[in-house]
Amino acid sequence: MFQAINQALDITLKKDPSAVIFGEDVAFGGVFRCTVGLQKRYGSDRVFNTPLSEQGIAGFGIGLANVGATAIAEIQFADYIFPAFDQIVNEAAKCRYRSGGMFDCGKLTIRSPCGAVGHGALYHSQSPEAYFAHTPGLKIVVPRGPVQAKGLLLSCIEEPDPCIILEPKVLYRTAVDIVPVGHYKIDIGKGEIVKEGKDVTLVGWGTQVHVLLETADLVEEKLGASCEVIDLLSILPWDVQLVCKSVKKTGRVIVAHEAPRTNGFGAEIAARIQEECFLNLESPIMRVTGWDTPFPHVFEEFYLPDKWRCLDAVKKSLDY
Amino acid sequence: MATYSFIKRISRLSFLRCQTSVKHYSNIANVVTEPQYPGIKNNFTNHLKFINIDNYESIPIYRILDTTGQSHFLEENKLDDKTMIKIYRDMVTLTIMDKIMYESQRQGRISFYMTNTGEEAVQVGSASALTLQDLIYGQYREAGVLLWRGFQIPKFMNQCYGNVEDEGKGKQMPVHYGSKDLNFVTISSPLTTQLPQAVGAAYAYKREKKKSCVICYFGDGAASEGDAHAAFNFAATLACPVIFFCRNNGYAISTSTNEQYKGDGIAAKGPSYGIDTIRVDGNDVLAVHYVTKAARDLCISEGKPVLIEAMTYRVGHHSTSDDSTAYRTNEEISLWNNTSPIQRFKQYIQSLGLWNQEKEDDMQKMIKKEILDAFSKAEKKPKPHWKEMFADTYCNMPEHIRDQMNSMEEHLATYQEHYPLEKI
């Protein structure tokens, strides 16, 4: 997946002379190799290291975008995006609104590795999408693999609104795919049915989609039921129609994410499904998520909403 | 697992980098006695001595006009008469507008206001040294900059009233001005957020090879925020043509500078970031003008940042929500009232024969009339349509926001009498 991201960045730098890429350690290729070779190809004024300051990176990016330059900022780990929270929430998200459309920073994209990685513990594992999903003015996407990463990143870069793309870091090297070489985009705000089914809807994003696909196989094998698996792709705005259409068909739904449960984005999805599909629901909407604790080191296997916990939720939903 | 190999790769990489550095320095270390640490250029010392503020002289305050309006600079540097009159007129306009708007808030006609009293020279002096191609980021006490650039009196009023003609569409509190035409980025309340933004904009200007700079205003209190540190450091390391312009007026609401910092003000921070720095008498409009002009030239010709600290005094209350006599004495305030920057400059232009009492009276009368006219017109204008509330959250309105707008419309169809629809 890191190569697909690299390609998207390459395409952007090639076609948009105003585009710049910056962040901590991006010049030598980035700690996850996403920016490899770009400085050599496009020069040190277009791909460069910044001092170690996330609020500086976000603010700097907003300024570039304010005057019409395409700004692609990298925050080294999503866990470290919080120092930039003020710049993102109070500034980037509200720039267009508060100026009555006179100024904006729509050309800003923030890329950041997120999610569990096996041993990342508290500060190399977080999934902070719900914090940002509460912020009107932002667009937030999470790819599940190389094809989505490239298409969504190109969309984020070209979208006239500030975007955050959270890249599940465990997929950088594990997720391999045949990726179209040229320029293409995946619409922000649209989800995707990755597996069709009729008995229960499973909704997730990022790495969790792979867990849900495995869950669907398990469900078929052990319970003889079929799952419809939806990759949400976009967190804000999210594809209400696609999800609700599926739930109306299946009558049952499990929402799963790595982030903690309370006020996780699953809560928003569940509330909305309940409003839209009340008469179609055959069982309560269930959430399989990380626990309401910080993300632990040695207990990761017990923390994550793995396929066995998802399977159990499906079973309970079917038995309800 | 893939991740494991990634970590291995990273450690191998940093190991390799270590090796390279060792190789690079090992030959030299044996023969040279100077330090080879990569982070600093200096010598070793055998004295164990802490460095503190007493080791340095405080940065002096540059000025041209003394408090009696006498100038201390060469005649040939004199600004042309027209510019000087405009500087004076804009400073006076600012105070008159402030008085009227402050009173109108006291009467409950607008919700909030912040005056500029005492800091007129800082604003007009710096603005007069810039061109319209220079981009401005402000904090909130920079109305004089807009005034200099030609922001019309009715526009100030429209914004404070949030009426249908406000270009900001009535979304922000009063005094949060902005103007695309005048290259003045819309003000926002969170302090100091504009500093790293100004640096980013300056970086883009430099890449575009524009012969202009970005100037960013902020107060002494704002300089304590983390964003100030980020901005100074980014501007220096990334060589951005930005002027950091600090208004050091002694107070951040009730907090005096004694509680804000222990070093030599804001200016002393500049050199520690590698930024060319100067301190100026902010009540001397000519000094502010020339310092800003020199800073602009330096910024653009050398492609690097400059820090200006303008020493001044916040004569007015922090805002209409503040009574500053709760934390400072009337005597202290009146001391500064007597040596106002406007008075000082007036004495100077009078000494040049450019100004007299008759001109003063005429101008005061005209400005008051203009402001009062604009004021009453702005007050009578309707507010923007409530649907404007939903616009500009995004470039294009997403479906979920459109749904919410429609549900508000349905709600109003039944409950309209409970909402101030008559103001639209």
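This report walks through the charged pairs of a predicted model, the contact between its chains A and B, and one buried lysine.

**Where the two chains meet**

Let's start with the interface. On the chain A side 56 residues are in contact with 55 residues of chain B. The size of an interface is often given as the accessible area lost when the parts come together. Here chain A and chain B bury about 4,400 Å² between them, with 63% of that on carbon and sulfur atoms.

How many salt bridges are there between chain A and chain B? The count is one. A:Asp45 forms a salt bridge with B:Arg207, and their closest N and O atoms are 3.0 Å apart. Polar contacts also turn up across this interface: 18 residue pairs, with both partners at pLDDT 80 or more.

As for which parts of chain A do the touching, the elements that give two or more residues are strand 2 (47–49), helix 3 (54–66), helix 4 (85–92), helix 5 (95–98) and helix 8 (171–174). Helix 3 of chain A gives the largest share of that side, nine residues. Sorted by class, the side of chain A that touches chain B has 25 nonpolar, 20 polar and eleven charged residues.

**Salt bridges within the chains**

Side chains of opposite charge can pair when their charged atoms come close. Over all chains, the count comes to 42 salt bridges. Here are three pairs that sit within a single chain.

| Pair | N to O distance | Separation in sequence |
|---|---|---|
| A:Arg144 and A:Asp231 | 2.8 Å | 87 residues |
| A:Lys185 and A:Glu158 | 3.1 Å | 27 residues |
| B:Lys169 and B:Asp392 | 3.8 Å | 223 residues |

Take the salt bridge between A:Arg144 and A:Asp231. The pair links distant parts of the chain, with A:Arg144 in the loop between strand 5 (139–141) and helix 7 of chain A, and A:Asp231 in strand 9 (residues 227–231). Are these two partners buried or exposed? A:Arg144 is buried, at 12% relative accessible area, and A:Asp231 is buried too, at 0%.

Next comes the salt bridge of A:Lys185 with A:Glu158. A:Lys185 lies in the loop between helix 8 and strand 7 (192–195) of chain A and A:Glu158 in helix 7, so the pair ties together parts that are 27 residues apart in sequence. A:Lys185 is partly exposed, with a relative accessible area of 42%. A:Glu158 is partly exposed as well, at 29%.

Over in chain B, the side chains of B:Lys169 and B:Asp392 meet in a salt bridge. B:Lys169 is in the loop between helix 5 (153–161) and strand 2 (184–185), while B:Asp392 is in the loop between helix 13 (357–380) and helix 14 (399–415). B:Lys169 is partly exposed at 29%, whereas B:Asp392 is buried at 17%.

Back in chain A, there's also a network of salt bridges linking A:Arg96, A:Asp104, A:Lys139, A:Glu159 and A:Asp161.

**A buried lysine without a salt bridge**

Finally, have a look at A:Lys150, found in helix 7 (residues 146–158) of chain A. A:Lys150 is buried yet has no salt bridge. Where is the nearest side chain of opposite charge? That's A:Asp10, 8.8 Å away. What does lie at 2.8 Å from a polar atom of the A:Lys150 side chain is the backbone oxygen of A:Gly182. Leaving out residues up to four places away in sequence, A:Lys150 touches residues including A:Ala4, A:Gln7, A:Ala8 and A:Ile11, along with A:Val179, A:Pro180, A:Val181 and A:Tyr184.

Note on methods: Residues numbered from 1 in each chain as written. Chains lettered and ligands numbered in written order. Predicted model: local features only at pLDDT ≥ 70, side-chain atom pairs only at ≥ 80, totals over all residues. Heavy atoms only, no water. Helix = DSSP H or I, 4+ residues; strand = E, 2+ residues; numbered from the N terminus. Buried < 20%, exposed > 50% of the residue type's maximum accessible area, 1.4 Å probe, protein only. Lys, Arg positive; Asp, Glu negative; His and termini not counted. Salt bridge = Lys/Arg side-chain N within 4 Å of Asp/Glu carboxyl O. Polar contact = N/O pair within 3.5 Å; in protein donor to acceptor, adjacent residues only side chain to side chain. Contact = heavy atoms within 4.5 Å. Buried area = accessible area lost by both parts, 1.4 Å probe. Nonpolar A, V, L, I, M, F, W, Y, C, P; charged D, E, K, R; others polar.
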